[in-house]
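Good morning, everyone, and thank you for letting me take a few minutes of the meeting. I would like to walk slowly through one structure, so please keep the picture in view while I talk.

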Amino acid sequence: MNVAAELSKIVGSDNFTDDPVLLQAYRDTLYPVDVPMPFGVALPQSADQVQAIVKLCGETELPITPIAVGAPLNGPTLCAPGGLILDFCLMNKIISIDPDELVAVIEPGVTIGQMVKALEPYKLMAQYPNSSPLTSVLASMVMMRGVGQYATKYGLGDSFVNGVEAILGTGEKIVTGSAALEGADWHYRHCFGPDLTGIFIGSLGTMGLVTKAAIRLSPIPESTWGLALGFDAIEDAMAPISHIAKYQMADYINGQHWYAGATTGDDYPWEVTGGKAPLPDEYMREWRKRKGLPNIWFHMAIGGSPAEIEVRKKQLLDYLSSRNITPMDMSNDPWFQVRNVQLQGVINCSSARFCRHRGGGWVSLVMLAPIKKWGEILEPLVEKGKTLGFDPTYLLKVYGPYGHSSQCRFVVSFDKGSPDERARAFAFTETVAKHAVEKGANVHRQTMHPEIIQSRQPEYFALLKLIKSLVDPKCILNPGVLNLSKETLAYRQGGEAEDAG
Ligand SMILES: Cc1cc2nc3c(=O)[nH]c(=O)nc-3n(C[C@H](O)[C@H](O)[C@H](O)COP(=O)(O)OP(=O)(O)OC[C@H]3O[C@@H](n4cnc5c(N)ncnc54)[C@H](O)[C@@H]3O)c2cc1C
C-alpha cells in the first residue's frame, strides 16, 4: 500500500508532506537529544480524519506522534523513527462556550491567545500558563497537567478537564465525562465508575488522540494585588510559604532562585561578561549580598473585588508581620510586572539574553514535590549541577487548592553545538530525575527518563501497560513515550520478549 498517497487522500494533498526539508522543522528541539526523522506529517481537520488515519496506521503498524505545538518545555516531543507526525494545528475551533456552566469545548489546536480573546466578553478565563506564549495550545497544556497563573487557588491543569473525545489506537472514538451519556453536556468530569478521562490526562498521547476537550473556566478577578518576598536561603522560605498556601492567603505563589530572578532588568552584572555566559553561582551570591538582594524570590497575588482584597491583604500582611518578614508591595512597580508576568517566559527561551548565555540549548526537568522537601531537593541539585559544569536555576510554583505541593523546575542552558555540553546537559536531566525519585518527589510530565521513576513503581507501571495494551494493542500511539513500547508491552500481549519494564 502507498501510505503517503492514502494519507494525502484522507487529509488532502496540501495537508500531508513527506518532503525532508519541511520535516526538518519538526526535528528542532532545545533539548540535548537527537530527534528522529519522521516518515511524514499530516494535518487533520476533523475527528473523522484522525480516525481514518489511526485505522490506516494500525493496518500498516505505522507509529503516530501527535503534536500541538511541540514545545512542551519538560522534555522533547520525539516521534518514533520513521513514524507519522499528526500536527493538530488545523483542528483549532472553539466549539462552544457556556458562560453559566463555566465550560468550553475546544479542539486540540486552540491556542491560549484564541481563548483569551473568545472569553474576554464574558470576563472569564481558562487555566492559562504563567508564561507560555499566546501561541501555546490550551488542550495539551491542561492535558499535561500544566501549571497556570492561579494554580495555587485552582490546582494543576488536570483539574480543569471535564472530559474528552479521543480516538483510541484501535480506531474507536470514545467520549469521557458526563457527555458520554448521549445528549448530555460536559458539566462533570466523570460519567459512572472510575475516572476514564484520567486515562488520557498526562498520557502524552500514548492512550488516545484527543480530538475534543471540555475545559472548565473561571471568572477573571475584578482586580489583583501582589507582593514579593525575598529570602536568603530556601529553608527560610519553607514554613512561611507553606503557611500562606495552607490558609489560601494568596491565589498564586511562584518562586525563583536568584539566577532566574536576575535574567531581566538591571540587577545583573551584564558588564562582567557582556551577557555572554552565566556568571558562577558563587560570584553572584557574593554580588547579590553586596547589593542587598535576596537569593530566592517569591511573588504572590490575590484576586477579587477591592473589598475582598482589602480583607485578604490584611490577613497576609498580619501574618508576615508576625514572622518579621518585610514584603515588597509591587503592585505599581513595572519591575514586578516584568517578573510577575514574563519572568518565566524569559527563562523558558523567549529571551535572547538568556539563550545567548550559552548557545541556544536549554533543558528543564520538572518535578512535583511537597514544600517540606525543598531543602532536600533544591540546593543539593544546584550543587550537583555545578559538578557537571552548569549553574542551574530553579523555578517554583505552589499549587493547590490546599497548597502543600509545588512544581519545581530546574533549568540549565547549554551550547547545542558542543557534544560535550550536550552530554553534560543530558546527564543533568538524569541527575534531576534520580534525585527527585530518591527524595520521594514525582517527575512531572515524564517525557524524559520515565524508566527511572517506573523502576520505583513496578506494579503501577504494570497496570499502565495493561491499559495501554487494551486501548492501543498494536502500540502505534507515541510508542516509547512513558516507556510504553512494543517491547515493554510484549509481556502483557503474550509475546516472547522479556518484560523490559
Ligand atoms: C516560553 C514557554 C513558557 C511556558 N510556560 C508554561 C507554564 O508556565 N505552565 C505550563 O503549564 N506550561 C508552560 N509551557 C508549556 C506550554 O504551555 C505548552 O505549550 C503545553 O504544555 C503543551 O505543549 P505543546 O503543545 O507545545 O507540546 P506537544 O509536544 O505538541 O504536546 C505535548 C504532549 O501531548 C501530546 N499531544 C499533543 N496533542 C495531542 C492530542 N491531540 N492528543 C493526544 N496527545 C497529544 C504530544 O504527543 C506530547 O506528548 C510553556 C511553553 C513555552 C514555550
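Let me begin with the overall count: the protein chain has 19 helices and 19 strands. Please keep in mind throughout that this is a predicted model. Of the 501 residues in the protein chain, 49% are buried. If we take the contacts between residues at least 6 apart in sequence, then 69% of them join residues that are at least 24 apart.

I will turn now to the sheets, starting with an open sheet of five strands, which follow the order β5-β6-β10-β8-β9 and pair in an antiparallel way. Which strands stand at the edges? They are β5, residues 94-98, and β9, residues 173-175, and because each has a single partner strand, one side of each is left without a neighbour in the sheet. On average, and ignoring direction, neighbouring strands of this sheet are turned by 10 degrees against each other.

At one of these edges we can look at the pairing in detail, since β5 is joined by four bridges to strand β6, residues 103-106, and the two run antiparallel. D98 has V103 in β6 as its bridge partner, while I97 stands opposite A104, also in β6. These two strands form a hairpin with four residues between them, and in the turn you will find L102, which has a positive phi of about 60 degrees. As a general point for anyone new to sheets, the side chains in a regular strand alternate between the two faces of the sheet.

There is a second sheet to compare with this, an open one in which four strands come in the order β1-β2-β4-β3, with mixed pairing. Its edge strands are β1, at 16-17, and β3, at 64-67, each of which pairs on one side only. Between β3 and strand β4, residues 84-87, there are four bridges, and these two strands run parallel. Within that pair, P66 stands opposite L86 in β4.

Next, let us consider what lies inside. The largest nonpolar core has 70 residues, and those with the most contacts inside it are L138, A139, M143, V161, A213 and I215. What does I215 touch, if we leave out residues up to four places away in sequence? The list for I215 is V103, A104, I106, A126, L138, V142, F160 and V161, and you may recall V103 and A104 from the hairpin we have just discussed, as the partners of D98 and I97. Apart from this core lies another, of 58 residues, with A237, I302, I377 and V398 among them.

Now to a pair of helices, α8, which covers residues 234-246, and α15, which covers residues 374-387, whose axes come within 10 Å and cross at roughly 145 degrees. The crossing of α8 and α15 is right-handed. On the α8 side we have I234, E235 and M238, and these meet W374, G375, L378 and E379 in α15. The residues of this contact divide into four nonpolar, one polar and two charged.

I would like to finish with some individual places along the backbone. The peptide bond from G400 to P401 is cis, with omega near 15 degrees, and P401 has its place in the loop between β17, at 393-399, and β18. Strand β18 itself covers residues 405-415, and D415 lies in it. Is D415 buried, exposed or partly exposed? It counts as partly exposed, because it has 16 C-beta neighbours inside 10 Å. D415 and W362 are 53 residues apart in sequence, and yet their C-alpha atoms are 8.3 Å apart in space.

Two loop residues deserve a careful look as well. K123 has a phi near 55 degrees, a positive value in a residue other than glycine, and it lies in the loop between α4, at 112-119, and β7, at 124-125. K123 is exposed, because there are 11 other C-beta atoms within 10 Å, and 12 or fewer is the cut-off for that word. N324 also has a positive phi, near 60 degrees, in a residue other than glycine, and N324 lies in the loop between α12, at 306-322, and β15, at 328-329. With 6 other C-beta atoms within 10 Å, N324 is exposed.

Key:
Residues are numbered from 1 along each chain as its sequence is written. This is a predicted model: local features need pLDDT of at least 70, side-chain atom pairs count only at pLDDT 80 or more; totals for chains, interfaces and linings use all residues. A residue is buried if 20 or more other C-beta atoms lie within 10 Å of its own, exposed if 12 or fewer, and partly exposed in between; C-beta atoms are placed from the backbone. Two strands pair if DSSP finds at least two bridges between them. A nonpolar core is a set of buried Ala, Val, Leu, Ile, Met, Phe, Trp, Tyr and Cys residues joined through C-beta atoms within 7 Å. Two residues are in contact if their C-beta atoms, placed from the backbone, lie within 7 Å. Axes are lines fitted to C-alpha atoms, for helices over the stretch in contact, and angles run from 0 to 180 degrees between N-to-C directions. A crossing is left-handed if the near helix is turned anticlockwise from the far one by less than a right angle, and right-handed if clockwise. Ala, Val, Leu, Ile, Met, Phe, Trp, Tyr, Cys and Pro count as nonpolar, Asp, Glu, Lys and Arg as charged, and the others, Gly among them, as polar.
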